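Hi,

Here is the structure I promised to pass on to you. Have a look at it first, and then read on for what turned up.

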Amino acid sequence: MFDKKAHENRTKWFLEARFGMFIHWGLYAIPARGEWVQAYERMSAKEYEKYFHEFNPDSFCPSAWAKSAKAAGMKYAVLTAKHHDGFCLFDSALTEFKATNTRAGRDFVREFLDAFRAEGLKVGLYYSLIDWRHKDYPHYGDFHHPMGDNRDYEGQKHDFDNYLDYMHGQVRELCANYGKLDIMWFDFSYDSLMGEAWRASQLIKTIRSYQPDIIMNNRLEVSGSGFGSLLCEQPKDYYGDFVSPEQIIPPYGIKDEKGDDVPWEACVTMNKHWGYCSADNDYKKASTLIKKLVECVSKGGNMLLNVGPDARGDIPARSLEILAEIGQWMKNNSESIYGCGRATPDKPENGRITAKGKTLYYHITEKSIGDIPLHGVREEEIKRIRLLKDKSELRIQKSWIVNNYPDVVFVPEINSADETDTVIEVELK
């Protein structure tokens, strides 16, 4: 039975945070052609193993990662504890294919968690439900598996229950051995492998027995393209706590059957890849990502922005530059992000609006000619208007130029306007 109150209590911090860091990192950083390189290039487990023997990130410094995330204004972070290739960044007792058995000999999950907690950030772990390394995960005929079209594997028998025991065991290790976790981020369900195919109800029960306050995404139930039963009045036992759209910001946000907002988080990349890709320099501008963060919040959602560290453990320089630029904007304007959500006035043509209680934050992303219109509010409703970055007063304009539009409130053109997004704080009575 769905406990709405418990769900609201679990997700309260998440809806306050609004902005997090996703970190895709593993053996695939060595070939540097993205996290799906093993599948796309049809590498066997034996071929892929060469990266395991080479893995030794000598520049890995999780405290530097954490400081970069915090300076960017992020409130939480999620690391890939195990991706589809089966390689574990943690010290699992259930496999030899793990970071503690590489030349590095380190438990990177533990170091990540310690470093990010030390900076006061919430912490989460990504765990792939699929595993291309495990002998009992289906090979031939599976569209995603590196050996999916290799006839050498045709007819091979797999004990899927044995694989599920293994997968459940690793999730139990993460929940039992690494202190308090704030997020468990699963990836991914597809075709017939959804819901109870993963023994999902049992898995949720196990997780909650160790981590009663943890929140989970919806990908035990659906793929990245689905919403799942969280939108229904009575969600399934394994519904998850938030919806996780990927590489898209939902056009209207996400609402349940009653029309109420449900928690959601858009996970997005800075360039075209999640894992490190040395040839991919098609980075989004910091200004674009700031505007997209604002868009998420204005629609009641979060943004989880990805970085893909390289084989040495360094976040790419361009990624760090972008994070720093976002951080400069957040330093002045984070009040319009944290704890904010959808506003009652519709989106104005010159930007977006986020809201917190009786305060509206007008995000002006298009430069006006003359005075700035604040659509959707009436003069008699307003208590005060301030420029958010310095709290300087903005007076309502009265002149022959604007008096022809009595239903619109205007404030003066701002000489110190931010080219990306100037935020005007409007406190209502």
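The 56 positive and 65 negative charges of the protein have mean positions that lie 4 Å apart. Please keep in mind while reading that this is a predicted model.

On to the overall build. The protein contains 9 helices and 15 strands. Its C-alpha trace spans about 80 × 45 × 40 Å along the principal axes. The radius of gyration is 23 Å, which agrees with the value near 22 Å that a compact globule of 429 residues would have. Of the contacts with a separation of 6 or more, 70% are between residues 24 or more positions apart.

Now for the inside and the outside. Of the 429 residues, 57% count as buried. The accessible surface of the protein amounts to about 18,800 Å², and carbon and sulfur atoms make up 48% of that.

You may enjoy the interior most. The largest nonpolar core has 103 residues, and those with the most contacts inside it are F116, M184, F186, W198 and L305. Which residues does F116 touch, leaving aside those up to four places away in sequence? They are M21, I23, P62, W65, A66, A69, A77, L121 and V123. Apart from the largest core lies another one, made up of 18 residues, including I372, L374, I382 and I424.

If you open the model, F116 is a nice place to start, as one of the residues with the most contacts inside the largest nonpolar core.

Best wishes

Conventions. Residues numbered from 1 in each chain as written. Predicted model: local features only at pLDDT ≥ 70, side-chain atom pairs only at ≥ 80, totals over all residues. Heavy atoms only, no water. Core = buried A, V, L, I, M, F, W, Y, C linked by side-chain atoms within 4.5 Å. Buried < 20%, exposed > 50% of the residue type's maximum accessible area, 1.4 Å probe, protein only. Contact = heavy atoms within 4.5 Å. Helix = DSSP H or I, 4+ residues; strand = E, 2+ residues; numbered from the N terminus. Rg over C-alpha atoms; globule rule 2.2 N^0.38 Å. Areas by Shrake-Rupley, 256 points an atom, 1.4 Å probe, with all protein chains shown as cover. Lys, Arg positive; Asp, Glu negative; His and termini not counted. Charge placed at Lys NZ, Arg CZ, Asp CG, Glu CD.
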